[in-house]
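Trainee: Got a minute to go through this one with me? I would like to start with the salt bridges and then move on to the strands.
Mentor: Fine, put it up.

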Amino acid sequence: PQDPEIFINRRHSVLAVPESIPELRTDSLEHAHLMHLMSNPDLYLLLNSIGKKGVLLLGRFSGKPGRILDALRSELRSRGYLPLKFDFRRPDERTLKETVLTLAGLCKFIIADITDARSIPLELGAIVKDYKIPVVPIRCRGRPTFSMYESIDAEFSDRVLPTLEYESADDLLSVMDRAIIKEALKSANSLARAKGRVRAERKTSDYQSAPSIED
């Protein structure tokens, strides 16, 4: 359904609006649809929907790690999730870190393959520092990870789950529901409760009637 005053010209990828508002041109029909959604006052509905189903996949996108991430993406889609695999060119006006942080902020949880990690140390370090979003680290059994990972694991244990070791894609997918999705959602619920918790305020009257330390 389209807003009666805003429509998309499918031939020219133009977001048409009332005469009082300048016409917006985009590079493709897909971009025009997104612009339409972004101009909608109910944008929060879109963000909520992505926030409930978005899953960011991090790791190496070539070789065996890449095939593992592709398998995870396929399985997540079959379960109704929206997997985001950052294997595209970053926007011209955003750094790699900024782009990954933007995607992470939209997601319900993150799956990070830390096997033979290269760029992940920077990405993962920034994510866990800025966002309280569950991170499910996975690693191919017997393969190394990056040296600083233990520090991240220890400092942000409230959002970084214990590393899940796997031997193959089939081995990992066989426990995906129980070891990845279920545990990530459990962590997400816990973090959500913590975010909504309000600390009680103090009052001077609480101390005026209380005995002093010397007493």
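Mentor: One term to begin with: a residue is buried under 20% relative accessible area, exposed over 50%, and partly exposed in between. Keep in mind that this is a predicted model.
Trainee: OK. So is Glu75 buried, exposed or partly exposed?
Mentor: Glu75 has a relative accessible area of 26%, so it is partly exposed.
Trainee: And which residue does Glu75 form a salt bridge with?
Mentor: With Arg79, where the closest N and O atoms are 2.6 Å apart. Arg79 is partly exposed too, because its relative accessible area is 28%.
Trainee: Which other side chain does Arg79 meet in a salt bridge?
Mentor: That of Asp177, at 2.7 Å from N to O. This pair links distant parts of the chain, 98 residues apart. Arg79 is in the loop between helix 3 (63-78) and strand 5 (82-85), while Asp177 belongs to helix 8.
Trainee: How accessible is Asp177?
Mentor: Its relative accessible area is 40%, so Asp177 counts as partly exposed.
Trainee: Why do such pairs form at all?
Mentor: Side chains of opposite charge can pair when their charged atoms come close.
Trainee: How many salt bridges does the count come to?
Mentor: The count is 8. Among them is Asp158 with Arg159, with 2.9 Å between the closest N and O atoms. The two partners sit on either side of the 20% cut-off. Arg159 is buried because its relative accessible area is 9%, whereas Asp158, at 38%, is partly exposed.
Trainee: Any larger groupings? Which residues are linked in a network of salt bridges?
Mentor: Arg139, Arg141, Glu165 and Glu167 are.
Trainee: Changing topic to strand 7. How many of its residues are buried?
Mentor: 6 of the 6, residues 135-140, so strand 7 is largely enclosed by the rest of the structure.
Trainee: Which way do the residues of strand 7 point?
Mentor: Val135, Pro137 and Arg139 point one way, and Val136, Ile138 and Cys140 point the other way. Arg139 also belongs to the salt-bridge network I mentioned.
Trainee: What does strand 7 pair with?
Mentor: Strand 6 (residues 109-113) is joined to strand 7 by 4 bridges, and the two run parallel. There, Ala112 stands opposite Pro137. Strand 8 (residues 164-166) also runs parallel to strand 7, with 3 bridges between them. In that pairing Ile138 has Leu164 as its bridge partner.
Trainee: And the loop after strand 6? Where does Ala117 lie?
Mentor: Ala117 lies in the loop between strand 6 and helix 5 (120-130). It counts as buried because its relative accessibility is 19%, and the cut-off is 20%. From Ala117 to Arg139 the distance is 9.6 Å, C-alpha to C-alpha, with their positions 22 residues apart in sequence.
Trainee: Last one, the surface. Which residues gather in a patch of positive charge?
Mentor: Lys132, Arg193, Lys195 and Arg197.
Trainee: Is Arg197 buried or exposed?
Mentor: Exposed, because its relative accessibility is 59%. Arg197 is found in the loop between helix 8 (176-196) and helix 9 (204-208).

Note on methods. Residues numbered from 1 in each chain as written. Predicted model: local features only at pLDDT ≥ 70, side-chain atom pairs only at ≥ 80, totals over all residues. Heavy atoms only, no water. Patch = residues over 30% accessible without salt bridge, like charges linked within 9 Å, V, L, I, M, F, W, Y side chains within 5 Å. Areas by Shrake-Rupley, 256 points an atom, 1.4 Å probe, with all protein chains shown as cover. Salt bridge = Lys/Arg side-chain N within 4 Å of Asp/Glu carboxyl O. Lys, Arg positive; Asp, Glu negative; His and termini not counted. Charge placed at Lys NZ, Arg CZ, Asp CG, Glu CD. Buried < 20%, exposed > 50% of the residue type's maximum accessible area, 1.4 Å probe, protein only. Pairing = 2+ DSSP bridges.
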